[in-house]
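This report describes the internal spaces of a protein model and the surroundings of its ligand. Please consult the sequence and coordinates shown below while reading.

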Amino acid sequence: MRLLLLAPPGAGKGTQGERLAAWSGARHIAAGDLLRAEARADGALGREIAAYQARGDLVPDQIVLDVLTPAVVEAAACGGYILDGFPRTLPQATAAAELATRLGVTLHAAVYLHAPEAVLTQRLLDRASQSGRSDDKADVIRHRLQVYAETTGALVPYYAERGILVSVNADQPPDDVTADIQARLARLPGAPAEPGDRPPGAPS
Ligand code: ADP
């Protein structure tokens, strides 16, 4: 299966991405995690990425594409992908679509997880003390939500126009969000019919 998760910070992309990967056999590709790993590496590129992330600004598109493309290409060849946090801009969405065309694959759905901003802010503040992330601070959290609203939010109509948007209420307990996503996806061609249908190690 090939999906992307489109959601503001705090909506639960990471949690749902991991669960959907285990359910479908596709690979969970978390843009923030890959960029954080790159940021920890020595060198100018790592420092540049770390600085964007610490401010809550988007990392420039070309850097994101350079980091993400190899993972997407590899996953496309074996079981598909759950893209978590990529694309986040219209140029990234265009580049992702071009890459998919080049690989001869299509996206089954763009899962949009939505929740009220007050809920998102509270969740991010609650996890801030344990996350150890440089961007989990009140002012940076506010900025990340603003960047989402100003830039990434434009991808909701983009995927709606393409007929693949699946909107799910993320203001519910994680298990209920997962169940809602799975119920919606189970109707798509190529999806496991029921959660847990896929035996461990089954080919995708
Ligand atoms: P969250 O969604 O909670 O902000 P992520 O781990 O997905 O957490 O992203 C953290 C940061 O990583 C972002 O604020 C941004 O700096 C960077 N980032 C992640 N994905 C992208 C992307 N697709 N384009 C640009 N920057 C990104």
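## The enclosed cavity

The largest cavity in this predicted model has a volume of about 40 Å³. With a threshold of 30 Å³ or more, the count comes to one cavity.

Its lining consists of Leu 5, Leu 6, Ala 7, Lys 13, Gly 85, Pro 87, Arg 88, Tyr 148 and Thr 152. By class, five of these residues are nonpolar, two are polar and two are charged.

## A cis peptide bond at the cavity lining

Pro 87, one of the residues that line the largest cavity, is joined to Phe 86 by a cis peptide bond, with omega at about 0°. Most peptide bonds are trans. In terms of secondary structure, Pro 87 belongs to the loop between E3 and H5. Strand E3 covers residues 81–84 and helix H5 covers residues 90–103.

## The largest pocket

The largest pocket holds about 890 Å³ of space. Its lining comprises 39 residues, and those closest to the pocket centre are Lys 13, Arg 36, Arg 88, Arg 127 and Arg 133. Lys 13 and Arg 88 also appear in the lining of the largest cavity. By class, the pocket lining contains 14 nonpolar, 13 polar and 12 charged residues.

Several elements each supply at least two residues of this lining: helix H1 (13–24), strand E2 (27–30), H2, helix H3 (44–55), helix H6 (117–131), helix H7 (138–150) and helix H9 (174–185).

## The ligand and its shell

Where does the ligand sit? The ligand occupies the largest pocket. There are 18 residues around the ligand, and Lys 13, Gln 53, Asp 57, Arg 88 and Arg 144 come nearest. Helix H2 (residues 31–40) makes the greatest contribution to this shell, with four residues. The shell divides into eight charged, six nonpolar and four polar residues.

Specific atom pairs can be named for three residues. In the side chain of Lys 13, an N or O atom is 2.6 Å from an oxygen atom of the ligand. For Asp 57, a backbone N or O atom lies 2.6 Å from an oxygen atom of the ligand. In the side chain of Gln 92, an N or O atom is 2.9 Å from a nitrogen atom of the ligand. The ligand taken alone exposes 550 Å², of which the protein buries 96%.

## The second largest pocket

The second largest pocket has a volume of about 240 Å³. Its lining is made up of 18 residues, with Ala 96, Ala 97, Ala 100, Leu 107 and Tyr 159 nearest its centre. Which class dominates the division of this lining into nonpolar, polar and charged residues? The nonpolar class accounts for 15 residues, beside two polar residues and one charged residue.

Strand E3 (81–84), helix H5 (90–103) and helix H8 (155–161) each provide at least two residues of this lining. The largest share, six residues, comes from H5. E3 and H5 are also the elements that flank the loop containing Pro 87.

Technical notes. Residues are numbered from 1 along each chain as its sequence is written. This is a predicted model: local features need pLDDT of at least 70, side-chain atom pairs count only at pLDDT 80 or more; totals for chains, interfaces and linings use all residues. Side-chain values use heavy atoms; hydrogens and water are left out. A residue is near a molecule or strand if one of its heavy atoms lies within 4 Å of it. A polar contact is a pair of N or O atoms within 3.5 Å; within protein, one must be able to donate a hydrogen and the other to accept it, and residues adjacent in sequence count only if both atoms are side-chain atoms. Accessible areas come from the Shrake-Rupley method with a 1.4 Å probe; for residues, only the protein chains shown count as cover. On a 1 Å grid over the protein atoms alone, a cavity is a set of points where a 1.4 Å probe fits but cannot get out, and a pocket is an open set with protein on both sides within 12 Å along at least five of seven lines; lining residues have an atom within 4 Å of a point. A molecule sits in a cavity or pocket if more than half of its atoms lie within 2 Å of its grid points. Ala, Val, Leu, Ile, Met, Phe, Trp, Tyr, Cys and Pro count as nonpolar, Asp, Glu, Lys and Arg as charged, and the others, Gly among them, as polar. Grid points are joined across faces, edges and corners, and a volume is the space filled by probe spheres set on the points.
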